[in-house]
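This report looks at charged contacts first and at the nonpolar interior afterwards. Please keep the sequence and the structure in view while reading.

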Amino acid sequence: MDTTSLDTRALDLEAPPTHPPFRTAAVLGAGTMGAQIAAHLANAGLEVHLLDIAPDDGDDPNAVVRTGFEQACEASPDPFFTDEQAGRIHLGNFEEDFERVGEVDWVVEAVVERMDVKRDVHARIETHAADEAVISTNTSGLPIHEITEGRSDDFKRRFLGTHFYNPPRYLKLLELVPTDATDPDVTERVAQFGRLRLGKGIVVANDVPYFIGNRIGVFAQLQAIRHFTDGDYTIEEIDTLTGRISGRSKSATFRTADLVGLDVLMDVATNLRDLVDDEAQREAFAVPALLQRLVDEDRLGEKTKAGFYKKEDGEIKSVDPETLGYKSAADEELGDLGTIWNAGGLSARLRALHEADGRAGRFFRETTLELLAYSANRLGEVSDNPADVDRAIRWGFGWKKGPFEMWDALGMETVLNGMEAHDLDVPDWVTEMHERGDTFYDTRDGERAVFMPRVDQHEPDPHPGDELRLAPLKQDAANELWSNGDAALLDVGDGVALFEFRSKANTLGRDVMMGLRECIGRVEQDANLRGMVVGNEGKNFSVGANLGEMAMAASEGAFDVIDQYIDEFQRTIQQVRYASSPVVVAPHQRVLGGGCEMAMACPHPVAAAETYIGLVELGVGLIPAGTGTMRLAAKAAQKAPNDNPNAIQDHLRPYFETVAMAEVAESAAQGIDMGFLPDNTRVVMHEDRRLYAAKQEVLRLSEQGYAPPPVMNKIPVLGEKTLSTFKVALMQYREGNYISEYDEHLATELGKVMCGGKLSSPQTVHEDYLIELEREVFLSLLGEEKTQARIQHMLEHNKPLRN
């Protein structure tokens, strides 16, 4: 087969889709991958038919598919955004319901990884599928073109591989593997849908064994494992060195293996050893004897609660390769890793690891140089494009830098000298690159370019036009309209400004909030600015207010200062809501406490689908006092028909319980359901498009003639009668030992605000009344010893104290 690389850059991922989006899908196979692919298609709004074989015996022909679906519903992390998405999945079996395949736009086959089984299923698909339905196979490495053996030319035209990574909701990579017969329009349609509607990073791979991600990533994983099985490093030492310190995922090597499944890892390695061409590659994928023994004993990792790691007596222990028992971690002998961490950013840490003496440096050099040499030798086979290799490893394995990005960070000469010292061969074109002074990545005319060995030159590798990136903007000082130490206002073009948090963990300290007030005022007064986005590219949008500032002031008894700070905070959040120009808050990832209140107040937020949002203040002994408590009380009243007190109480109670238990929504969609985001929130599936979409929302609001929402001057509140019902429920929780006595006290104070304070009967109040009540309760709680203990514990241990 011709393995000429299909370059992801050739796909027009920015243009409006040339085909209508998929609305219906059938997923064939309800195993772990099939059921979770179905879940994520449902997250994207599709109606999904999930089918599997009927059992040989029993009364329920859907027993197999039902088991797979129920396991998906119980999986952690949750593959569904909300329970509503689960309702879009319709179960069936191959015997009675296969004709449903003819009713859908996209058929995704995800049956067992056996060529004969897949071929049989696709023969049946061909007899039922609609004429223009797209058909794909989910496989981690079987040859795509062989699956369609015996199928018609028309079938092959609309068939391709779609390799989702597990879990499909959370891992960004989607490898598309067209064959020579696949219509390019079909590939582009799936790529556009995958990116825009599924939130995926698309990489087009050649139809070669295990494509790009697994071919490179599993090589690296087995490499590291052998330093335990055949070397002198412990499991814990290797996971330390292949974790965050080197820019890889927190789960590192062995925890990742346990999460994926040791049987899965062994199958991939075994198949790769059988399929690759030369002896050196085959040896690289030989299954370590320890891995084989663990699989033979059904110790498959997380799914069997034992693998390389096992939790015993509350302690995480690792396997002893001699006895196969589990033992406590020994002290790591890796030298001064603190110096490595303090070297600077990731590129600096990689260089420091490479130069380090001792065991840490030796491990890093041996594994990294072997990986980079292997990756260079695979170019032209798995892909022609080094950037696609890097993207596959970053998106599929959670690394911060792919192999060629690491190569550039270490330096071409450093890497080549190291490879020579370790007798590692690289293609001639790499040496020729170095002799010309080239690197894998370069900037040409302000755009990133990548070296393409096939044409022996750099070619553009620009970011998609519908992704707003801040780093390039910040390179030009003229784009910075205002800044202080913790925040900045950036000109992002077309008359739109962006307010960026720059504080540690994007906490909302006084300088951040002062800056936000200042910048909203600037936008309102500048005729050249049409509005403002509030967002950032940090790991999380914001973890809330700066607890350290408040703890210090409280320890000094400066409650007047705290009162002023809370008043300023509340006024700032109100400015976000009532600004005369549109202010669009663009949350992503963790959005807690004050960050949540900012998103709640925004009239038109744009949120990443993966937004984990909530009011968690009771965990530190406080209540939400940045207008969040007021806003939930108002929302409950708005949802109730005709301000009916009983109906208001029915809506208020779940909001009260959610905040009292410090529950956090696990998606933007769930955040809307829980009241933490407005019902009109625009949800962006692809997180990298979030700031661009928020900018477009500012422009849309400006174009239509923006006016802020009216002030809420008549919020119905229920008074002490409803508070009494909340108190009864809290007492029952405490007596059942679900909450502590202090939790009960905190929740009671929260209820006072939500119910409007000491009111003997229901009445309407101005929003300012509830905001003032928030502040009073917050300040009173801050003076209590148990609250101060909770705050201190959070600052020291980053987890809540239940006292």
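In this predicted model, D456 has a relative accessibility of 36% and therefore counts as partly exposed, and R436, at 42%, likewise counts as partly exposed. D456 forms a salt bridge with R436, their closest N and O atoms lying 3.2 Å apart. Because D456 sits in the loop between β13 (447-452) and β14 (457-460) while R436 belongs to helix α20 (residues 428-436), this pair ties together parts that are 20 residues apart in sequence.

The table sets this pair beside two others.

| Salt bridge | Closest N to O distance |
|---|---|
| D456 and R436 | 3.2 Å |
| E480 and R502 | 3.4 Å |
| E772 and R775 | 2.4 Å |

E480, in strand β15 (residues 480-483), pairs with R502, in the loop between β17 (496-501) and α22 (510-525), so that parts 22 residues apart in sequence are tied together. E772 and R775, by contrast, both lie in helix α32 (residues 767-782), three residues apart, which is about one turn of the helix; E772 is partly exposed at 32%, whereas R775 counts as buried at 11%. The count of salt bridges comes to 57, and a network of them links K172, R195, D466, E467, R469, D688 and R689.

On the surface, a patch of positive charge gathers R244, K250, R255, K400, K539 and R590, of which R590 lies in strand β20 (residues 589-592).

As for the interior, the largest nonpolar core has 105 residues, among which L28, V101, I125, F285, F308 and W407 touch the most other members. Helix α16 (residues 358-378) supplies the largest share of this core, nine residues. Apart from it lies another core, of 93 residues, including A487, F569, F676 and I739.

Conventions:
Residues are numbered from 1 along each chain as its sequence is written. This is a predicted model: local features need pLDDT of at least 70, side-chain atom pairs count only at pLDDT 80 or more; totals for chains, interfaces and linings use all residues. Side-chain values use heavy atoms; hydrogens and water are left out. A nonpolar core is a set of buried Ala, Val, Leu, Ile, Met, Phe, Trp, Tyr and Cys residues joined through side-chain atoms within 4.5 Å. Buried means under 20% relative accessible area, exposed over 50%, partly exposed in between (1.4 Å probe, protein chains only). Helices (H or I, at least four residues) and strands (E, at least two) are DSSP runs, numbered from the N terminus. Patches are made of residues with over 30% relative accessible area and no salt bridge: like charges are joined within 9 Å, nonpolar side chains (Val, Leu, Ile, Met, Phe, Trp, Tyr) within 5 Å. Accessible areas come from the Shrake-Rupley method with a 1.4 Å probe; for residues, only the protein chains shown count as cover. A salt bridge is a side-chain nitrogen of Lys or Arg within 4 Å of a carboxyl oxygen of Asp or Glu. Lys and Arg count as positive and Asp and Glu as negative; His and the chain ends are not counted. The place of a charge is taken as NZ of Lys, CZ of Arg, CG of Asp or CD of Glu.
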